[in-house]
Amino acid sequence: MAKTPQQKEQSRQARVTARTAAQNPLVAPPIAAIASLLIPGLGQILSRQTQRGVLIFSAMATGGGIFFWRVAELGRRVQGFFPSIGRALERSPGFVGLAAGALALVWLVAAWDAFLCSRNRKRPGSGVFALVLVSFFVLGWQIAEIDVVKMVRQAPEALPPLSRVIWPWSAAITFETESLSARAEILVGEGTPPTRPVPVEDEPYLLVEPNVGSMTSQDANYQPVPGTRITLSGTNFAANTETEIWWRDPLGNEFRPREDSKYLIFQTDNEGEFQLEMTMPYRMAPPSAQGPFLHTVEARQVSRVGGPQASEALKMTISRMIETIFMGMMATFFGIIFSLPVSFLAARNIMSGSRLTMALYYITRAILNIIRSIEPLIWALIAVVWVGLGPFAGIVALTLHSIAALGKLYSEAIEGIDGGPIEAIQATGANRLQTIMFGVIPQMISPFISFSIYRWDINVRMSTVIGLVGGGGIGFLLVQYIRLLDYRSAGIAVWFIAITVATLDYVSAEIRNRLM
Amino acid sequence: MLQFTNLSKTYDDGTQALKEVSFSVEPGEFLVVIGLSGSGKSTLLRCTNRLIEPTSGSITWDGLDITGADGAQLRTIRRRIGMIFQHFNLVKRLSVINNVLSGRLGYLDTWKSMLYRFDSEDQTRAFRALERVGLTEQTYKRASELSGGQQQRVGIARALMQQPEIILADEPVASLDPVLAHTILGYLERLNKEDGITVICSLHYLDLVQRYATKVIGLRDGRVVYRGTSEDIRTMTDAEFKDIYGQEAERVGAGLAARTPSSASPTGAPSSGSGSLDSGSTEGAE
Ligand SMILES: Nc1ncnc2c1ncn2[C@@H]1O[C@H](COP(=O)(O)OP(=O)(O)O)[C@@H](O)[C@H]1O
Ligand SMILES: [Mg+2]
């Protein structure tokens, strides 16, 4: 039934009158505004909008407090209040300006809000609270050290390692290689030139001409003095194959000499021969180094033989992934074994017999809740201290968490048991064991299996993370790769984690669906 | 003969569910227990096979003291007494056949039954029981997949597996619609007449009582307030009946209208659901 306009107007007036009696503002609008300027929220309280006033006051107090804390942090090393604000403004003008502005705006709007509260005797909109949210957002931005500029600026640098993580497969395979090399000795300093080895048929051979010379060095003014030019001629190498020149000093240090600041790398010809000229490289001789020294120059070819093979990283990843899956499985297994008895203690219908058992029930529940509320990662940190680094620490952590989680789920399954069928089985003359086997277990088996599989799924997922803190498994390997900046290998590990977790997720959901 | 003497039951919370109940049941009788909800019917039936321990009094069965039996003895007594329930009490996750076979547990070796192994004789017996209640088609279905009426028939088959001399039925049709109620009670009646199994059954609907009972006892607040033969109950006055049943008095009549149009309420007072006591004939069951 629709009301006529007059009726509406009447009822509105009636409402207003009804309000006036109880909710008459204590002060006039301008006074309320001034009160709120002095203490934010006071004006609202005086207008009998106590909740609103308190809310505005605590928002202002919190916002202001946080603001001054951050400013003090920014101007830490400066003495005095105003100097430290000045320093903070210098260091982070955007934040200080925005936050101060937002808070001041809230302050002013709060005063306006008080004015409206007092004048209209009804609640103004929630604009003031929207402003409070904005100022908290500004504060949060600074506290959380959000730096979008940095994120954008550093993106180009992050791209190469990231792309290696995203598509790491070139590091997943290696080829078996065979190296072919020949070396020749060069005398530096006074002495008899080294004797050249006799060429052997079908063996690569390297001839250096001359085989006596001096290295590149520096004169008194640090100007380079080029070394002797030498000619290298190789025979019997593999044809048309990439060949590198290596140098070994008398101390046994190997390095690749450069010519015109480029590494010496070239292709052999159709006969497997080559010839090139180079300047003997610069090598700082140790102060004690006097007299003749034999340097060695070597020509090396590395060629693929045979097909592709799994790389070390791939093999490690797979073995660690298997370790991870089994960690999850063992933790689930132990979790099930220990949580079964615990779940009976945590089942209300089983424990409601007496005061003592009820107390036991509450204690068990409390312990389970505490264990469950601590993340497995933290348990792993503790377990590492306890049993040392490695998968066992991870298993201990996951087992603890599984006991708590499964204990709760199992106990709920037990609480959900229907007493009717048990009564019926008893009535047939079955004994206790038979009653359990026919009346109790069939009711519990499918929730038990489904919870256990779900737990295994969770445990495998968690054990990939637990390795990060030393709990073994693939997480452990992943951290090592990242520390070594070996992003391709890390990428392989990440891929395997993703594939395994997704597969397990699917399989466990599928099994649980079938059971339900 | 089953003899109840001064049977009393006081629950832990002090509720006196049975007070000095005495009566006897002759072999082959179809005894119906009537009474308001909370009058002690379930308690009485459960005391009979000691699913509930009576507080005092005794139950003897052809000289055998049921109330005094200990563990093993009690189980041999229980296996001679089948029981069916209002909510059927099947193990829902087990197959129909396993539910039926579980009725045999009282006869079996514990360890064999742990593996759900039943010898071929028991299996044959189970198939025959299912055949008898017309559920051959459902043998390997999960109990939860069956309708209410079918579940109760499985319950009867399970009781049959015990080769019982007595069947206790605690409101066996209270969860079923009236047509199904007659099917189920029909099975019980046949077991009673053909196999000579004594039936002790609690019922809610007046016309069902009149149709099936050979003997009736009425409970109120744990006391026997009425004893009668089927003749007595046919001629029972409304006042007498209300004394036992109070305002809850019901008959299935309305639900059976489709079967027997003549039984429709002539006064037309309650237009739907169960008729009241004073409505219509008592022949609705036919
Ligand atoms: N386990 C129990 N504990 C305490 N009181 C009970 C219990 N079971 C039944 N009662 C009480 O005993 C009385 C008889 O119950 P019951 O035998 O179930 O009656 P009916 O089957 O006739 O409805 C009721 O008052 C009921 O509340
Ligand atoms: Mg009952």
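Colleague: How many helices and strands does chain B have?

Modeller: Helices and strands are DSSP runs, of at least four residues for a helix (H or I) and at least two for a strand (E), numbered from the N terminus, and on that basis chain B has 10 helices and 10 strands. This is a predicted model, in which local features need pLDDT of at least 70 and side-chain atom pairs count only at pLDDT 80 or more, while totals for chains, interfaces and linings use all residues. Residues are numbered from 1 along each chain as its sequence is written, chains are lettered from A and ligands numbered from 1 in the order in which they are written, and side-chain values use heavy atoms, with hydrogens and water left out.

Colleague: What percentage of the residues in chain B is buried?

Modeller: Buried means under 20% relative accessible area, exposed over 50%, and partly exposed in between, with a 1.4 Å probe and protein chains only. Of the 286 residues in chain B, 54% are buried, whereas in chain A, with its 516 residues, 38% count as buried. Chain A has 18 helices and 13 strands.

Colleague: Which residues touch the most other members of the largest nonpolar core?

Modeller: A nonpolar core is a set of buried Ala, Val, Leu, Ile, Met, Phe, Trp, Tyr and Cys residues joined through side-chain atoms within 4.5 Å. The largest one has 56 residues, and V100(B) and L185(B) touch the most other members. A second, separate core holds 30 residues, including L2(B), F23(B), C47(B) and A69(B). For V100(B), contact (heavy atoms within 4.5 Å) is made, leaving aside neighbours within four places in sequence, with A126(B), A129(B), L130(B), V154(B), A157(B), R158(B) and M161(B).

Colleague: Why does T139(B) count as buried, and where does T139(B) lie?

Modeller: T139(B) counts as buried because its relative accessibility is 5%, and its place is the loop between α5 (120–132) and α6 (148–161) of chain B. Beyond its neighbours within four places in sequence, T139(B) is in contact with S95(B), V96(B), I97(B), F127(B) and L130(B). A polar atom of the T139(B) side chain also lies 2.5 Å from the backbone oxygen of T136(B).

Colleague: In which helix of chain B does Q210(B) lie?

Modeller: Q210(B) belongs to helix α8, residues 206–212 of chain B, and Q210(B) is buried, with a relative accessible area of 5%. From C-alpha to C-alpha, Q210(B) is 9.8 Å from M236(B), although the two are 26 residues apart in sequence.

Colleague: Which residues are around ligand 1?

Modeller: A residue is counted around the ligand if one of its heavy atoms lies within 4 Å of it. The residues are Y11(B), D13(B), T15(B), A17(B), L36(B), S37(B), G38(B), S39(B), G40(B), K41(B), S42(B) and T43(B). Helix α1 (residues 41–48) of chain B gives the largest share of this shell, three residues.

Colleague: Which side chains have an N or O atom paired with ligand 1?

Modeller: A polar contact is a pair of N or O atoms within 3.5 Å. An N or O atom in the side chain of T43(B) is 2.4 Å from an oxygen atom of ligand 1, and one in the side chain of Y11(B) is 3.4 Å from a nitrogen atom of the ligand. On the backbone side, a polar atom of G38(B) lies 2.6 Å from an oxygen atom of ligand 1. Accessible areas come from the Shrake-Rupley method with a 1.4 Å probe, and the protein covers 62% of the 560 Å² that ligand 1 has on its own.

Key:
Polar contact = N/O pair within 3.5 Å; in protein donor to acceptor, adjacent residues only side chain to side chain.
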